[in-house]
Amino acid sequence: FGNAERDNRAKAKTINFSILYGISSWGLAGRLGLSREEGKAMIERYFERFPGIRHYIDETLAKARDDGFTTTLFGRKCHFPNISSSQIHVRQGAERAAINAPIQGTSADLIKRAMNRMDAALIDAGLPDVLMLLTVHDELLFEVPHGQEEAAAATIKKVMAEAAAPALSLSVPLDVEVGWGVNWGEAH
């Protein structure tokens, strides 16, 4: 869209996830308020600009059909017994899940690895009163005593950014954002 304004970011997110998970041109058009032809053109342009995504989808589906499962970057398997179903809607659901599983599964693996290391890292940093309360998808929520926000943020960012190590060395660094406030909504 040429800029990163909030509305365009929301549209881009819709386009990325919709196309990645196999939306039709009609479905994309409906979500974005476009004609079917505009939706089709957007999908075609997307795959022209990002051929690696088409390759990922095709490779992931072929592997899922051959093996019956996909894996996260850490090797955790997710099985798809319906990936070759003769019922088109059942098969398409399994295909969407198979495409999603390595991405979302790896994200889940990373957040779990960060969570497992967090208490020790906070104690080692002299922050034993910082409490990890919960996770929401790829976010962690902490209770931090007043005056310890900056120190806690530095430790939390480091643990989360290094969550893949030593098992994996990622070619793209993990970007970690930290926000704070008196409640979760304010921290965003």
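## Exercises: rings, charges and a pocket

The charged end of R54 lies over the ring of F47, 4.0 Å from the ring centre. Here "over" requires NZ of Lys or CZ of Arg within 6 Å of the ring centre and within 35 degrees of the ring normal. The model is predicted: local features need pLDDT of at least 70, side-chain atom pairs need pLDDT 80 or more, and totals for chains, interfaces and linings use all residues. Residues are numbered from 1 along each chain as its sequence is written, and side-chain values use heavy atoms, without hydrogens and water.

**Exercise 1.** Classify the ring pair of Y46 and F47, then place both residues as buried or exposed.

*Solution.*
- Step 1: apply the rule. Rings of Phe, Tyr and Trp (its six-membered ring) pair with centres within 6.5 Å; planes under 30 degrees apart are stacked, over 60 edge-to-face, the rest tilted.
- Step 2: count. The rule gives two aromatic pairs.
- Step 3: classify. Y46 and F47 are edge-to-face, with 5.7 Å centre to centre and 85° between the planes.
- Step 4: extend. Ring pairs link Y46, F47 and F50 into a cluster.
- Step 5: check burial (buried is under 20% relative accessible area, exposed over 50%, partly exposed in between; 1.4 Å probe, protein chains only). Y46 is buried at 8%, and F47 is buried at 16%.

**Exercise 2.** Find the salt-bridge partner of R54, then that of R65, and compare their placement in helices.

*Solution.*
- Step 1: set the cut-off. A salt bridge needs a side-chain nitrogen of Lys or Arg within 4 Å of a carboxyl oxygen of Asp or Glu. The whole structure holds seven.
- Step 2: take R54. Its partner is D58, with the closest N and O atoms 3.6 Å apart.
- Step 3: locate them. Helices (H or I, at least four residues) and strands (E, at least two) are DSSP runs numbered from the N terminus. D58 and R54 are four residues apart in α4 (residues 51-67), so about one helical turn separates them.
- Step 4: take R65. R65 meets E95 at 2.7 Å, N to O. R65 is in α4 and E95 in α5 (residues 88-124), so the pair ties together parts 30 residues apart in sequence.
- Step 5: extend. Salt bridges with shared partners join R65, R91 and E95 into one network.
- Step 6: check exposure. R65 is partly exposed at 39%, whereas E95 is buried at 14%.
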